[in-house]
Amino acid sequence: MLIRTKAARALAWLALAALAAGALGGCGAASGPAASGMAVQPDQTARPAANPLDDGRLRYLYPAHSSGGGTLLRGAEVLYKAAPSERITLLYAPDEAAPAGWQLGKNEAEGGRVTEVYDAGGALLWRGEGEWQAALAGTMLALTPGGFGVDYGPGGATGCRLIDTAAGREYALPAEASGCIPTAYGQAVLTLNSDPEAGALEGSSVAVLDLATGEEVYRVDAAYAYRAYGSERLSRCAAIQRCETDPATGEQNWFVDLYDPATRTVYSRFETFCGADLICYQPEPGRYEVCRLGETGALASYDGRCVYWRADAALIGRDDGYHLVTPEGEQPSASTYAVNGEEAAFLLADGTLLLYGPGGRSAVETGLAGSISQTGFAGDYWTTLNSVADGYALLYTSDAACPDGHCQIYSAAGLVYDSAGSGYESLSYLTMGPDGPLYAASRQGVGGGWLADVVDSRGAPLLTGLAELSAGDELPEGVLAARRGFTRGYLDLAGNWLYSESAFASLADEDGAYYW
Amino acid sequence: MRKTYLSRRSFLAALGLGAAAALLGGCGGSNSTGSSGGAGSAPASSLAGAAEAAPFLSPEEFPGVDGSTACIPLIAQVMADTTGVDLTEAQSSVAVSTTAYAWENMGVYGSTDIGLLLVYEAPDYVKEEIAAAGVELEQKPVGRDALVFIVNEANPVQSLTLAQLRDIYAGRAANWKELGGADAPIVAFQRGEDSGSQTLFKKLLIGDGELMEAPTELAPASMGGLVDGVAAYNNSANAIGFSVYYYVDQMYSQPGLRLLAVEGVEPTNDTIAAGEYPLCNEFYAVIRANAAPGSPERQVYDWLSTEAGRACIEKAGYVPA
């Protein structure tokens, strides 16, 4: 629903509108959705006795040939196999690694579109006509009209809804709400399309509401809010994009503030998450502080933005590039680094690779100084750090011998593997194997297609001849998403299918996806 | 999956097409607007006359290939037989851009990485595009498939005549009871305009006859929105849809479907091979007419007409032409 009238800016906050569970469109205990129109017939073969997929986590196997469709699983169990006209979306709650639920958009037999939202256990939380984008936080369910979600930006369609699924109550939001970020702290962060005639951002405001009192606890105009992603997952915070116009010059400057609903703290001029629950922000222009989320006491202060911080190393970005600050001092670094939980890898301008892990720091000489620069390119050549895992760092680099690039894997002991001459075009980290990290190594297949092998850190193949190989949707270690031949699904490292289905999922495969 | 993102509409607009063009895709023997490369002659290194596949190309030499979805298993089998690579690995390697885009990639866009098509017949608008582009292609039928009609297995209707099918898709027959079925409205699904099945449907069944609008439905688009597109067959009790036989029988193979007999003839490999099933059509191998003698694409093109090539087509489950 689009509200074209200029709504009053004051929030017409009403007391909680207690609604019957039924009025919320089917709240309460309910089983999962009825099976899709086409029958489910997974081709499951060679399943091991203990299936590592059996962890109860929701997973979505994306469709191969369509923008819609796909297969939803809980653990190794198929929950729903969607038709090409249906859209499945996993819903992640803040600070949670596993999806808290999922939503399904589908067509009704009698016409019209409906949206259904389910929790991770399969209970129907909400069902309503139209296409909605759901967001979950604790027991709170926010619904934004349209398929583009709560991060749409300013100028979106109005008519957001907010429901406490545990209490079966819907909160009366301002009619001009075009975005609603739910929190687990009794607040909601709204984007209000309060003056559509003024332009997208100028007519947009952000308001933080205390749901218990109905009070507006924070407000900023010429702004919109979106969910902030931390270094590893969706954070509990809302990012607020705002624009300041310099009264003297008329110049517009864009900033992001970070609102933490747990502490009701606004971090002005937020820069970035720089570690797990670590943020960098500018409390005043030119001074960049690192602090733990929820606190304001600075762990460190710099004259440039800190993109990665740990007690013994910080990567600082300035106009002249990135610099690694260590107890020994500041060192110019390549504009590339890799982080993986407690691990980090940095490449210094002199070619030294620093590997940080739980056990401390290792320095490795790569000999790549000639292809390293602050911009990533040094003349005709370049080097980038792709990943670090279990003490192994994967680099892409180019040189005179391989101007199109090759991959190198380093450990603390030095160079472990170089893909030059192997036929592999690129490597990317996949998962942990029994003896260390495993990589997807892509190569040209017959007839112009591409294949991928699973290789270890020395380039030795474990599985070959795969397509669509990826680490999937946070799969357990040692499990991969792939297609082999005309079968696709989840594989273990011995090549057994843990879940599989035909690559030909629909009679409409030839009809293709919609790109607009 | 190889995809071309230039839409048909935008491409047509760019060229300002409108002129009629010579038809491609005629049945029969080698059909070229340029010089023939000697269809039917085996490559020097192949074992002409031998049914056993003997690789004559290295995997690196195999030409870039594109085609129809229903040709994916054939492409993989040809890759395996002509290069010796493992069949499963060849199957993993196949990526096609589907019928209309495959023709356009070779015949309109000039994709230099595509040297060979294994493909069903092009839609008329693509034939016009290719003619306008002036690209000379050489093609020959290598296999035969059929347009088949699908209903839910619980539908009591077993067979329809061509006239009854035309009545359904013209909207003249709107209830299954008119055709010996239940008292239920007929929901007649069609396919996307670019699909090989829709092309065959129009060519083999509709011709110049009346065709009602296809049912549409909302479907997700890649950018997060919804588009109103041709509704996909949903196997509901009163639905009827269509595809090509090989895809339904060998690739999709879902339970709950039943193929209708047409004019009393069930679609099978045998009835298709014998021409008894009434809605048959060839599919094709296509190369550029100027493909050099001895080039990998011409070697494969020629090999497909040898005994080994025909054996390859049969091994993959198709009916050779």
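User: In this predicted model, how many bridges join strand E25 of chain A to strand E26 of chain A?

Analyst: Start with where the two strands sit: E25(A) covers residues 305-310 and E26(A) covers residues 313-318. They run antiparallel, and one facing pair is A:Tyr308 with its bridge partner A:Leu315. A hairpin through 2 residues links the strands. The number of bridges joining E25(A) to E26(A) is 5.

User: Which residue of E27(A) stands opposite A:Gly317?

Analyst: Keep following the chain from E26(A), which pairs with strand E27 (residues 321-326) of chain A in the antiparallel sense over 5 bridges. These strands form a hairpin too, with 2 residues between them. Opposite A:Gly317, in E27(A), you'll find A:Tyr322.

User: What is the bridge partner of A:Gly357 in E31(A)?

Analyst: Look at strand E30 (residues 352-357) and strand E31 (residues 360-365) of chain A, which run antiparallel and are joined by 6 bridges. They form a hairpin with 2 residues between the strands. In E31(A), the partner of A:Gly357 is A:Gly360.

User: Why do E5 and E8 of chain A each have one side without a neighbour in the sheet?

Analyst: Check the strand order first: this open sheet of 4 strands goes E5-E6-E7-E8 in chain A, with antiparallel pairing. Strand E5 (87-91) and strand E8 (124-129) have one partner strand each, so one side of each is left without a neighbour. The reason is their place in the sheet: E5(A) and E8(A) stand at the edges.

User: Which residue of E8(A) does A:Val114 stand opposite?

Analyst: Strand E7 of chain A spans residues 113-119 and pairs with E8(A) in the antiparallel sense over 5 bridges. In general, strands of a sheet pair through backbone hydrogen bonds. Across from A:Val114, in E8(A), stands A:Glu129.

User: In the sheet E17-E18-E19-E20 of chain A, what does the twist average from one strand to the next?

Analyst: This one is an open sheet as well, made of 4 strands with antiparallel pairing. Its edges are strand E17 (223-229) and strand E20 (265-267), each with a single partner strand. For the E5-E6-E7-E8 sheet of chain A, the average is 15 degrees from one strand to the next. For E17-E18-E19-E20 of chain A, the twist averages 30 degrees.

User: Which residue of E18(A) faces A:Arg227?

Analyst: E17(A) and strand E18 (residues 234-245) of chain A run antiparallel, and 6 bridges join them. Standing opposite A:Arg227, in E18(A), is A:Ala238.

User: Is H2(B) parallel or oblique to H11(B)?

Analyst: Helix H2 (residues 72-83) and helix H11 (residues 307-315) of chain B pack with their axes 9 Å apart, at an angle of about 135 degrees. Roughly parallel takes an angle under 35 degrees, and roughly antiparallel takes one over 145. Since about 135 degrees fits neither of those, nor the 65 to 115 that counts as roughly perpendicular, H2(B) is oblique to H11(B).

User: How many residues in the contact of H2(B) with H11(B) are nonpolar?

Analyst: H2(B) passes H11(B) in a right-handed crossing. On the H2(B) side you have B:Leu74, B:Gln77, B:Val78 and B:Asp81, and on the H11(B) side B:Cys312, B:Ile313 and B:Lys315. Of these, 1 is polar, 2 are charged, and the nonpolar count is 4.

User: Which element gives the largest share of the side of chain B that touches chain A?

Analyst: The contact takes 56 residues from chain B and 41 residues from chain A. Elements giving two or more residues on the chain B side include H2, helix H7 (196-206) and helix H3 (87-93). That side divides into 25 nonpolar, 25 polar and 6 charged residues. The largest share, 6 residues, comes from H3(B).

User: Over which residues of chain A does pLDDT stay under 50?

Analyst: Chain A averages a pLDDT of 85, and 87% of the residues score at least 70. Even so, there's a stretch under 50, for which the model has 93 contacts beyond four places in sequence. Where pLDDT is low, predicted coordinates should not be read in detail. In chain A, that stretch is residues 1-44.

User: What ipTM does the predictor give the complex?

Analyst: Chain B averages a pLDDT of 84, with 83% of the residues scoring at least 70, though residues 1-50 of chain B are below 50. For the complex, the pTM is 0.84 and the ipTM is 0.82.

Terms used. Residues numbered from 1 in each chain as written. Chains lettered and ligands numbered in written order. Predicted model: local features only at pLDDT ≥ 70, side-chain atom pairs only at ≥ 80, totals over all residues. Pairing = 2+ DSSP bridges. Axes fitted to C-alpha atoms, helices over the stretch in contact; angles between N-to-C directions. Left-handed = near helix turned anticlockwise from the far one by under 90°. Contact = placed C-beta atoms within 7 Å. Nonpolar A, V, L, I, M, F, W, Y, C, P; charged D, E, K, R; others polar. pLDDT = per-residue confidence, 0-100.
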